[in-house]
Structures are given as C-alpha cells and as structure tokens.
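Please find below my notes on the model under review. They are set out as numbered points, to be read alongside the sequence and the coordinates.

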Amino acid sequence: MSSETLILGNYLIMSPAEVKKDWGVLISGTEVQEVGRNDDLKARYPQAQIIQAQDKILAPGFINGHYHIYGVLSHGITVQESLTGFDNFLEDFWWPQVENRITRELAVTTSKQAAVEMIRSGVTTFCDILEAPNAIPGALEDMAKVMDKAGLRGILSFEACERVDKENGLLGLKENENFVQLARKEFPLLSGLISIHTTFTCSPDFIKKAGNMARENNCLFHMHLSESKYEPAKCHEQHGMGPVDLYESLGVLGPNILASQGVKLEKAEIAKLAQHNCRLVHMPLSNCEVGGGIAPVPEILAAGIDMGLGSDGYINDFFAVMRGAFLLHKAAKEDPGIMPADLVYDMATRKGAQALGYETGEIRAGKPADLIAIDTDLPTPVNENNIFDQLVLFRKAENVSHVMVNGKLLMKDKELLTLDEEKIRFECRQAAEKFWQG
C-alpha cells in the first residue's frame, strides 16, 4: 500500500490569497508533498491512496490561539450572583465557583471533551491555559496524554499567579517549566509556555521571574492583557502606569510575548507592542460575555502585530468565532468594509499560526499536513470570489467532514477516528452534573 495520500478537492485554499478550483493535495508522511490540479496529481501519482473530496473545500486547519479547556464545565451553569462588572465576575463567580474547584481529574475529563469539540470544529492547533490552582502539580502532563492520543497539535500551559498565595504562584511557574521540558522529550506535537494571569494578580517580582523563566527555557511568555477596563485602572492605581508600560519597565516585552484579549489597549500601547514584536490573540465572543468591550483589532492589525483568534473556552465552534470577528467590528466602527471575511479567515489560520510560532496555517509543499475538508452543500454557489464569505458566514462545525493533523486523519467522513465521542460526552456530562451540585 502506498504511503502517499491524494486528497482531491472542489476548491483548495492554500492561503486566503491563493484559492484554486479543482485542485488537490498530495500528502507524504507528515508533510504536504505537492499541490496541483486534481487530474494532474492523479496522473502523476497513480499508486497513491485517494480520498474523494470533490464536493468539498480543502483548507488549512484552524488555530484556536486561546482556549480554557476546563471552561466546558461552566456551559449552561446557573449563576446565582448578580454580576455587574468584570471584577465581580471573577471574584464572586469564576474564581470561587469554577477555577478553584477544578481538579486534575476534571482537567482530564474536560480535555477529552475539548479534543472532540476541536476536531469537530476543524481546529488542528490550539493553545490552552489551565486556570486551576488546586489541580497542580501534574495536571499538564495528564492533559498532554489526552491530546497526544487525540492527535492534536498544540500548547498546554498553566496560568500562574499569586491570588491564592505566593507559594501557589511559584508552583504554577514550576508546572509550566516542567511541562516545557517534558513536552520536548515525550510529546512531539505538543509544547509548553510560561503563562501568568494579569498585573493585578501578579507582583512585579513575580512577573520578572516568569519572564526570566521564559527566556531561560526559550519559549513563549503568555498573559491576559487588559481584558476589560478593570486591569488598566487597577494597574494605574497600584503602579502609576498601564499594563503595557509596566511590562516594558520590568524588561519582559519582546518577540516571545503572546498576549490574549487586548480589549482596552490605547494607541500608544499598541505601538509599543508592535515595537517589541509582541503577538496577540483576539476573543470576540467571550469579550462580549464578560462585558469587557470590543478590542481595537483593526488598529492592532494595522500596526503589523501578528494576531490570531481564540474561543476562550466559551463558544468553541470556530466558525462562530470567525463570525464574531467579522461582525462585531463592523458594528463598532459603523463601517461594513472593516474586517472582511478573507482577513478574518487569515486570522483563524495563517496569522493564528504565526502568533503561536507554528509553520501551519497554509497548504503548500513542505508544510505540515494539517488540513480540513468542509462541505459545499450550500443553497447558493461557492466560487473564488465569495468563498470566504460563504465559509465565515454560512458554515458551522457540523460542515467539517475531514480533519488531518501531521498527516494523520483524526476524522473521516464526520467519524472521529481517535476518540470515543459518545463515551466522552457521557463522562463529561456526569462530571458537570456533579460539579454543578457543588
């Protein structure tokens, strides 16, 4: 049997700038070997195994640049408190009722469900931040085993901070450092990074320690940045400056910075982040949920900053995430030309990969074979001019039929190949019911 696989498509999205009609892709091992016209590829590689997808769009897998896997436990949960602001959301609900109650066992259970949801949604690469002070040490390794079995590519990290106490904060940094080193030895598709929470849960000394740890381990340094007006106001109150200026004064800004949210960034802060070659991830839907606001994404992109998209563990259908990014900024700017569909799709793929430091997000020879197939059974035609509008506005996770990561099929004809979806959903539901009762 040939080790080469030929996937024949209706349309092939190599990148948002390169869309080809009746093109396919030849996979050899873990990489894309060649792209070209379906007929030409079939003629040149008659021995290759063929996957017929000529009623589908072949596209790069999506990059979920900011995930909280454990967040599935809060989907549908009844909130007893009256939430009036972001600080109230954290202090009265999220921290005591969700984060503090996550165990290593729950981290594993939710990782399985998250893996199912990612594959179903066409996400092939992710970056997760575990917020669970009572689940360490060891939670990241347990989660890695789940993702390794699922076959997904991604980053696992723990959100270290001092809101519980200094000792727990240091334990969180160590959890990250240990996993960065472990992943390089034992999990080829996974990696780690150093993650902290914010300037209002981490002292300057703690932030500097985390930044030094990231440099010493040659990895990304992540933080939530100005998710609402609360952090900038608190930072000015405590330190006499905004978060970006504080990070710069501590000497941690640089090209290894991966910041999420960035909702309340000022123009000068955006320029400073661009000057230091920092990266960002945008969460359009969860920013709405917590009342954080609408991030200045057009300005961030105009500054040349690599910016991807993330679900934040809230609504994980990545088509819905793209729709949020497509629509919200048009309303905010009162400009229908802002954030066109091809740009949003680029953020979900190529730009998202760049933000995380991956070479995925495009389909071309020599790139990792991370790709998906999407149904084209729409009531109106798909063509080269409308393909991104059709995908962003009128497709859903249920329209993804095939998912491949590193040359391995994780889903074929909408059937998961590496996970028992029914069993996982049952286990997650049981865990959630017990969690809610607490």
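1. In this predicted model, one side of helix H16 carries the exposed residues Glu422, Phe426, Arg429, Lys434 and Gln437. The buried residues of H16 are Glu421, Ile424, Cys428, Ala431, Ala432 and Phe435. These buried positions lie on the same side of H16, because the arc they cover around the axis is only 105°. The background is that an α-helix has 3.6 residues a turn, so residues three or four places apart point the same way.

2. Which elements cover the buried residues of H16? Among them are helix H2 (86-98), helix H3 (104-121) and strand E18 (415-416). The length of H16 is also as expected: its 17 residues, 421-437, should span 24 Å at 1.5 Å a residue, and the C-alpha atoms at its ends are 24 Å apart.

3. Strand E1, residues 4-15, deserves attention as a covered element: twelve of its twelve residues are buried. Its pairing with strand E5 (residues 49-60) is parallel and comprises seven bridges. Within that pairing, Ile7 is opposite Ile51 of E5.

4. E1 also takes part in antiparallel pairing. Strand E3 (residues 23-28) is joined to E1 by five bridges and runs antiparallel to it; Leu8 has Gly24 of E3 as its bridge partner. Strand E2 (residues 18-21) is likewise antiparallel to E1, with four bridges between them, and here Ser15 faces Glu18 of E2. The connection from E1 to E2 is a hairpin of two residues.

5. Which residues touch the most other members of the largest nonpolar core? They are Ile196 and Tyr345, in a core of 121 residues. Leaving out residues up to four places away in sequence, Ile196 touches Glu159, Ala160, Leu173, Cys202, Phe206, Ile207, Ala210, Phe221, His222, Met223, His224 and Tyr247. Apart from this core there is a second, separate one of 16 residues, whose members include Trp23, Val25, Ala369 and Ala373.

6. Asp142 merits a separate remark. This residue belongs to helix H4, residues 139-150. Is Asp142 buried or exposed? Its relative accessible area is 17%, and since buried means under 20%, Asp142 counts as buried. Once neighbours within four places in sequence are set aside, the contacts of Asp142 are with Arg104 and Val108.

7. Turning to the whole chain, the protein contains 16 helices and 18 strands. Its radius of gyration is 21 Å, close to the 22 Å that the globule rule gives for 438 residues, so the protein is as compact as a globular protein of that length. Along the principal axes, its C-alpha atoms fill a box of roughly 65 × 45 × 45 Å.

8. Two further values describe the packing of the chain. Of the 438 residues in the protein, 61% are buried. Among contacts with a separation of 6 or more, 75% are between residues 24 or more positions apart.

Note on methods
Residues numbered from 1 in each chain as written. Predicted model: local features only at pLDDT ≥ 70, side-chain atom pairs only at ≥ 80, totals over all residues. Heavy atoms only, no water. Expected span 1.5 Å × (residues − 1). Buried < 20%, exposed > 50% of the residue type's maximum accessible area, 1.4 Å probe, protein only. Arc of directions from axis to C-beta. Contact = heavy atoms within 4.5 Å. Core = buried A, V, L, I, M, F, W, Y, C linked by side-chain atoms within 4.5 Å. Pairing = 2+ DSSP bridges. Rg over C-alpha atoms; globule rule 2.2 N^0.38 Å.
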